[in-house]
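Trainee: I'm new to this one, and I'd like to know how the labels are earned. Can we go through them together?

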Amino acid sequence: MHYLPHTAEDIGSMLRVVGADTLDDLFSTIPDDCRLKADLDLPDPLTEWELNNHMEGLSCQMAVAPEYKLFMGAGSYEHFIPASISYLLGRSEFVTSYTPYQPEMSQGTLQAVYEYQTLAARLLGMEVATASHYDGATALTESLLMAIRITGRKRVAVSSLIHPLYRKTIRTYFEPSGYDVVELPYLENGTTDLGRVDELDDLAAVAVQSPNFFGCIEDLQKVGEKAHEKGAFFVPSFTEALAYGLLKNPGSYGADIACGEGQSLGIPLSYGGPALGMIATNKKYMRKLPGRLVGQTKDLDGRRGFVLTLATREQHIRREKATSNICTNNSLCALAAAMYMASLGRTGIRELARQNHDKAEYLKSQLKASGFNIPFDRPTFNEFVVEFPPGFEKTYERLLKKKIVPGLSISPFYPELANHYLLCVTETRSKEEMDELVRGLTIDNSKLRD
Amino acid sequence: MTELMGTTGLILNEPLLWEKGKKGRCGFSLPKQDVEPSPLDPELTGEGPDFPDLSEVDVVRHYTRLSQWNFGLDTGMYPLGSCTMKYNPKTNERQASLPGFSGAHPLLPDTLSQGALRIMFELEQYLTEITGMDAATLQPAAGAQGELTGMLLVYAWHQSRGSRRSKIIVPDTAHGTNPSSAALCGYRPVAVKSNDKGILSAEVVSEVMDEDTAGIMITNPNTLGLFEENILEIADIVHSMGGLVYCDGANMNAVMGVAQMGKIGVDVMQLNLHKTFSTPHGGGGPGSGPVCVKKDLEPFLPVPRIVQKEGRYALDENRPDSIGKLQAFYGNFGVMLKAYCYIRTMGPENLKKASQFAVLNANYIKEMLKDTLHLPFDRPCMHECVFSDKNQTPDHITTLDMAKRLMDYGFHPPTIYFPLVVQGAIMVEPTETESKEDIDRYIEAFKAIVDEAKHDPDLLRQAPHKCKVRRLDETTAARKPCLAG
Amino acid sequence: MKKINELIMPDDLRYAEDHEWARLEGDRVRVGLDDYAQDQLGDIVFVELPQVGDTLKKGGEFATVESVKAVVECYIPVTGEITDVNKELEDAPELVNQSPYGDGWFVELNPSDASEMETLMTSTECVEKLKGAE
């Protein structure tokens, strides 16, 4: 086996040093009734070349671009990723190192994470950002736990227009501790109804998502004011980080903690993971943040350098009182995001975000013109909800066969919204592809009407 | 030793991203705008983030230079105890980047995701076979989230039996994350001490185990690199009081094909794919922390479950007793894929060999260095061994000094000051992928450093001398944190 | 780290088990962390203090002190209401290391029962206890 370097001679001489006759003797401290007597029942080994064939065979059973035209986002977005990023991210000095416990030989990772923290904070208009979390759902959950810890209160109000799978994650984490999660309903225009917030006491945080699950941009000014009126943390979240290339950032609305998913920033879809959880806040709360943080300092000669810092918040020191149990996070994904933000720059991210918006507007207008209902009239970024006529499932299947994925049915999450689909258009979709989608939809639509 | 591994070479200084670049540059091939502009409401429009404008060349040079300030496993031996820094096969990277996998959207219909579902289904089967458990979930994103998942399963199991317990037993040789994972699930960790052999005795467990204790979180092999020999007795005690046994399986690399956790009383355990199953650590993740359980706990596993019917794979959300979801989608698929490839290329015999060689290497280092460094528990170890700086106390040399000096010799230091049960701990985990020559060089380096400690202690106190930076001021970093530029 | 005979433990203070000190100043009690504790912790990087007006019961947590790689909770040595906190520590936590009994004080409180001071150790008792634990 080419990953195992020992020769028979090596094994023999090392066993002699150890004082064991056989490799099995090394396990003498394991009681006999704890031993596995049979061989593991696993497939026989493949050569590298057999593996290539096997994996290529499996990968062909997946529907991906460019063969398939995706009009689906819902928390995971197809964006262009420059070859330079995949290439740089593959550098083994980044890939095969671990958490930079020894800063003198990890300055590459440390400076890169510090730069990521800075760019993430700038994107969100906040003062500080963490090194990374698992994904948007856990970032939001940990942000709410942070608000609970700081305020000492035990209830959170969560918009029903936060990604349904994020809300499930919050409930899973909160179940044993008994913190109360109150879901806020939505208004006809596709934004969160804050009416119930007034009735709630002991409120640690008000969380919304913008753009929300319907793609609508929330009135963050109003949400922030309402949260602060109640002395609660204002926690705006997001699933599409690229939106903040164009939209006013959460910081400008007075966010206490901004959090969400950074997958759009140069990270492949990869069937949903690994992704990038982002959390940012202001300096006054930095010592309450969950997760790793990198800080700038100097070495003995006064040269600039970087270290993991504020470690006393973390699990290995504060034990059961830690701000989180996170240890391994998604560092390499944060690096991808930093490379992506650096590659775009201010000029590029603006232009790319604008294109996402304009293209989505184009498709929206074409669908409207073809007679489809756009139920929510709030402005959107690159996703929006369309109501298709009853019986649309057949059209959906037919389009799938034509390798077009016309969005995601949202009725499993919102039973009251039968035949409602969430469509997404990023810069990867061309006008031609959108026109083809509209044509495909209208042919069947006219048939359905007949 | 003829020539030191550590040497100096030309590396370049590199400013921070925003200290370079020029407004108007762009490192991204912007797509053509093929639709009419449609301005967004100015009320909602921001000014755009304050990012530097860099060319593609600027970005490429920047990260290439930064990467050269790093030491990775591909650079040299990285025997970080408890972290299993084994070689990361390159073919696994290739497979994970196949467009069919890297470009797959998680919400596509099952019929269009058969490849990914089959990989996940089979990986679950392999992991249950390797652990001897009955079922697995791949959803947890890292070891610590696996621990939390395990605790949530324990909680759900108790709740289903109408009981609510408040405590959990955590030995002093458990992993550092265990107490906070338990606390996150509302449990109060009760610390118990290991005995003079470095393992847990059944007596101390029976002293604290009661009907308000949900179970025990035991790391096996433990963080001293020792197999918990009394595990069967301990499991009996915990089970007899209605508790469950959680095993932190981060150290599974020692016992693949040798011990079966499912047969020794373990009810639930997590694995770390980025340790045992060779996926790269990425400078601190992404990892993956699957959880394996016995039959009783299966109904509580996170949704969706992957099911197989007539050769087709599907996601099943309909599990009323499930604890719910640990993250938005199915976990770190890109990481699982690499672990799957690893298991497929290793096969059953080589996995066992990997554990045997990992244990051989650790015992070899232990034997070769035990006259040089203080060895608090002189008995056969598993995949890692723990020394201390006790012999160097008269020279006023600490574990930290020796660790820093190792860098000059061209090695990544071991884990230091952990586990806490050994003062000044030096925790060495060589893994099976290091050759005897490299291990011998490491041993020689340690011997030379201990010699230097006697004759030229300042060389150690001032170390490292050959890195990009010298020792860093961590005190000021924590007093006046500068977390963003 | 200092040897026991190198520790400065002034006679005019009283000491709690966890190395908080208390000094009666008129009708107020000033509280801080003693020389032994600051020395054990090493470079202190952050001190979290309570709010003025908080009422604390003897033995209750009132402050958290962090060094680079350790964190300890501090317990109030006598019951009372916090009347002042040392704001200097926000920007200069190193004062606890430099001057544990002077500029490095933590809080001042209005004791509910000043005689509680008598339940605390004297300097001699505290040093004896440290020697005993050696």
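## Putting the labels to the test

Trainee: What makes A:Lys288 and C:Glu48 a salt bridge?

Mentor: The closest N and O atoms of A:Lys288 and C:Glu48 are 2.9 Å apart. The rule asks for a Lys or Arg side-chain nitrogen within 4 Å of an Asp or Glu carboxyl oxygen, so this pair qualifies. Keep in mind that this is a predicted model. As background, side chains of opposite charge can pair when their charged atoms come close.

Trainee: How many salt bridges are there between chain C and chain A?

Mentor: Four. Four residue pairs are also in polar contact there, with both partners at pLDDT 80 or more. On the chain C side, the elements giving two or more residues are S4 (44-48), S6 (61-67) and S7 (71-75). S6(C) gives the most, with four residues. By class, that side of chain C has five nonpolar, two polar and five charged residues.

Trainee: How do you know that chain C and chain A touch?

Mentor: Contact takes heavy atoms within 4.5 Å, and by that test 12 residues of chain C meet seven residues of chain A. Together the two chains bury about 730 Å², with 46% of it on carbon and sulfur atoms.

Trainee: Which three residues supply the most of the area that chain C buries against chain A?

Mentor: C:Phe46, C:Glu66 and C:Val71, which supply 46% of the area on the chain C side.

Trainee: And how many residues are in contact between chain B and chain A?

Mentor: There, 199 residues of chain B are in contact with 179 of chain A. The buried area is about 16,800 Å², and carbon and sulfur atoms give 65% of it.

Trainee: What makes A:Lys359 and B:Asp34 a salt bridge?

Mentor: Their N-to-O distance is 3.3 Å. That falls within the 4 Å cut-off, so the pair counts. The rule finds seven salt bridges across the interface of chain B and chain A, along with 78 residue pairs in polar contact. Helix H9 (333-369) gives the most to the chain B side, with 28 residues. The chain B residues there divide into 108 nonpolar, 55 polar and 36 charged.

Trainee: Why do B:Lys90 and B:Asp74 count as tying parts of chain B together?

Mentor: Their side chains meet in a salt bridge, 2.7 Å from N to O. B:Lys90 lies in helix H2 (90-96) and B:Asp74 in the loop between H1 (56-67) and H2 of chain B, so the pair links parts that are 16 residues apart in sequence. Over all chains the salt-bridge count comes to 62.

Trainee: Why are S1 and S3 of chain B called edge strands?

Mentor: They belong to an open, mixed sheet of seven strands in chain B, ordered S1-S7-S6-S5-S4-S2-S3. S1 (135-137) and S3 (188-192) each have a single partner strand, so one side of each is left without a neighbour in the sheet. From one strand to the next, the twist averages 25°.

Trainee: How do you know that S2 and S4 of chain B pair?

Mentor: Pairing takes at least two bridges, and two join S2 (167-171) to S4 (213-219) of chain B, so they just pass. The two strands run parallel, and B:Ile169 stands opposite B:Ile216 in S4(B). Helix H5 (143-160) of chain B lies across S2, S4, S5, S6 and S7, at about 175° to S5(B).

Trainee: What makes S9 and S10 of chain A a pair?

Mentor: Five bridges in the antiparallel sense join S9 (294-298) and S10 (304-308) of chain A. At least two would do, so these strands pair. One match sets A:Gly295 against A:Val307. The two strands form a hairpin with five residues between them, and A:Gly302 in the turn has a positive phi of about 80°.

Trainee: What makes A:Ala74 worth pointing out?

Mentor: Most residues other than glycine have a negative phi. A:Ala74 has a phi near 55°, a positive value, and is found in the loop between S1 (69-70) and H3 (83-89) of chain A.

Trainee: And where are the cis peptide bonds at B:Pro286 and B:Pro419?

Mentor: B:Gly285 and B:Pro286 are joined with omega about 5°, and B:Pro286 is in the loop between S6 and S7 of chain B. B:Phe418 and B:Pro419 are joined with omega about 0°, and B:Pro419 is in the loop between S11 (415-416) and S12 (425-428) of chain B.

Terms used:
Residues are numbered from 1 along each chain as its sequence is written. Chains are lettered from A and ligands numbered from 1 in the order in which they are written. This is a predicted model: local features need pLDDT of at least 70, side-chain atom pairs count only at pLDDT 80 or more; totals for chains, interfaces and linings use all residues. Side-chain values use heavy atoms; hydrogens and water are left out. Buried area is the accessible area (1.4 Å probe) that two parts lose on being put together, summed over both. A polar contact is a pair of N or O atoms within 3.5 Å; within protein, one must be able to donate a hydrogen and the other to accept it, and residues adjacent in sequence count only if both atoms are side-chain atoms. Ala, Val, Leu, Ile, Met, Phe, Trp, Tyr, Cys and Pro count as nonpolar, Asp, Glu, Lys and Arg as charged, and the others, Gly among them, as polar. Axes are lines fitted to C-alpha atoms, for helices over the stretch in contact, and angles run from 0 to 180 degrees between N-to-C directions.
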